[in-house]
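Student: Could you take me through a close look at a single part, namely where the two domains of this chain meet, and then at what surrounds it?

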Amino acid sequence: MASFVIEGGHRLSGDIYPQGAKNEVLQIICATLLTAEEVIVNNIPDILDVNNLIQLMRDMGVTVAKKGIDSYSFKAEAVDLAYLESDEFLKKCSSLRGSVMLIGPMVARFGKALISKPGGDKIGRRRLDTHFVGIQNLGADFNYNSEREIYEISASELKGTYMLLDEASVTGTANIVMAAVLAKGTTTIYNAACEPYLQQLCKMLNRMGAKISGIASNLLTIEGVESLSGTEHTVLPDMIEVGSFIGMAAMTGSELCIKNVSYENLGIIPESFRRLGIKLEQRGDDIFIPSQDSYQIESFIDGSIMTIADAPWPGLTPDLLSVLLVVATQAKGSVLIHQKMFESRLFFVDKLIDMGAQIILCDPHRAVVIGHNHEFKLRGGNMTSPDIRAGIALLIAAMSAEGISRIHNIEQIDRGYQNIEGRLNALGARITRI
């Protein structure tokens with residue numbers, strides 16, 4: 001198990017480029033199964049979860065070729081359907097959360113799919129009902145094989161229908177959309193997720209010959225087509241990395257320029273950091289964060305304590321609440337962080353409390369942060385990363401702390417952030433991997 005050793009207290013300076021968006025690219029790679037023609041994908045991040053999915057595609061018989069530093073081509077011309085029933089395939093799926101999005105493309109194109117319960121972060125229950133019920137509505141049969149602990153999905157023909165999703169699940173919507181593009185007739189999805197990454201998937205499918213309307217809204221209409229062709233697609237920059245870098249700059253009092261952020265696709269993220277008192281400027285498609293010695297949390301208009309909560313898009317992504325919570329520990333003022341969508345993501349705050357942060361964990365969903373106003377720093381600590389997003393939040397805390405910190409289980413961070421220590425060390429951080 002690898003670890004980071006972090007010497008805190010160093011300011012960052014310079015330009016940094018966000019990687020391609022993990023949450024988008026997992027959908028896009030799965031979607032390449034919908035055609036036998038070549039699909040080229042650019043701006044693919046070199047991170048563990050994505051690399052594991054690319055290798056899984058190779059194992060499935062997809063021809064994968066690296067075209068450049070961050071570009072790959074995928075050609076699912078000769079998928080090995082027998083391999084998809086093997087224990088090896090199912091075992092790999094169980095360790096990769098994104099593998100659940102193979103169901104839609106496989107059922108749509110080949111009429112069947114097998115998948116084990118997918119893994120991923122241990123951040124509470126992440127049910128798959130939206131995926132399964134949506135694809136069932138299109139006419140697929142689901143069976144759970146308790147002996148092998150796998151789901152068996154089959155459909156002789158998928159037929160378009162109307163459905164109202166019980167939750168605006170991003171991966172659930174993506175799975176249903178990928179199944180519906182090759183279904184007979186018209187599918188209408190209400191309460192669909194409308195995140196930029198889902199918009200990107202729909203736009204790519206339309207370039208491949210799909211007929212999807214309502215993109216960027218929560219009401220999607222999909223007119224099924226007979227087949228899809230190849231295309232080329234470029235992945236958006238990762239909005240979670242952009243937010244993480246804003247948080248790093250604020251916590252370490254650094255001047256930083258985040259380049260090529262696709263500002264129009266950041267939604268409420270910049271404003272959420274401004275609510276904590278952080279100054280940031282949009283310069284074209286870049287974000288400039290000036291050095292600040294202090295930043296003050298806003299209050300609501302009636303003077304009550306600020307609450308920052310996650311919500312489906314265009315609300316605040318839950319993936320950034322861990323970062324915002326850490327940033328609030330050095331702000332002037334108090335804030336209630338309300339994590340509505342997952343019930344275990346705030347449990348890392350005990351590690352911040354050990355470092356000297358003033359945080360009251362009210363319940364699994366809410367934490368009150370009382371800011372230090374930079375009057376005293378966090379103390380270096382010995383920590384273990386429980387998941388990707390808590391891991392980067394702990395790294396930010398360690399970079400601002402006095403003394404030496406150690407973060408274990410950094411494979412969790414590697415799943416979502418590409419060469420993070422190398423990129424930050426180039427800006428002045430002191431992070432060593434051991």
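Tutor: What follows goes from the domain boundary to a few single residues. This is a predicted model, in which local features need pLDDT of at least 70 and side-chain atom pairs count only at pLDDT 80 or more, while totals for chains, interfaces and linings use all residues. Residues are numbered from 1 along each chain as its sequence is written, and side-chain values use heavy atoms, with hydrogens and water left out.

The domain assignment, whose bounds come from an automatic or database source, gives domain 1 as 3-19 + 237-433 and domain 2 as 22-234. Their C-alpha centres lie 31 Å apart. In terms of contact (heavy atoms within 4.5 Å), 22 residues of domain 1 are in contact with 20 residues of domain 2. The two domains bury about 1900 Å² between them, 50% of it on carbon and sulfur atoms, where buried area is the accessible area (1.4 Å probe) that two parts lose on being put together, summed over both.

Across this interface the rule finds one salt bridge, a term that stands for a side-chain nitrogen of Lys or Arg within 4 Å of a carboxyl oxygen of Asp or Glu. Between the domains, seven residue pairs are in polar contact, both residues being at pLDDT 80 or more; such a contact is a pair of N or O atoms within 3.5 Å, and within protein one must be able to donate a hydrogen and the other to accept it, with residues adjacent in sequence counting only if both atoms are side-chain atoms. On the side of domain 1 that touches domain 2, the elements giving two or more residues are α12 (388-400) and α13 (411-414), and α13 provides the largest share, three residues. Helices (H or I, at least four residues) and strands (E, at least two) are DSSP runs, numbered from the N terminus.

Asp319 also deserves a look. Asp319 sits in the loop between β17 (306-309) and α10 (321-328), and counts as buried because its relative accessible area is 10%, the limits being under 20% for buried, over 50% for exposed and partly exposed in between (1.4 Å probe, protein chains only). Leaving aside residues up to four places away in sequence, Asp319 touches Asn23, Ile240, Arg345 and Arg389, and its side chain makes a polar contact with the side chain of Asn23 at 3.3 Å. An unreviewed UniProt entry lists Asp319 under "binding site", together with Arg97 and Met341; positions are given in the numbering used here, feature names are shortened, and annotations may be inferred rather than shown by experiment.
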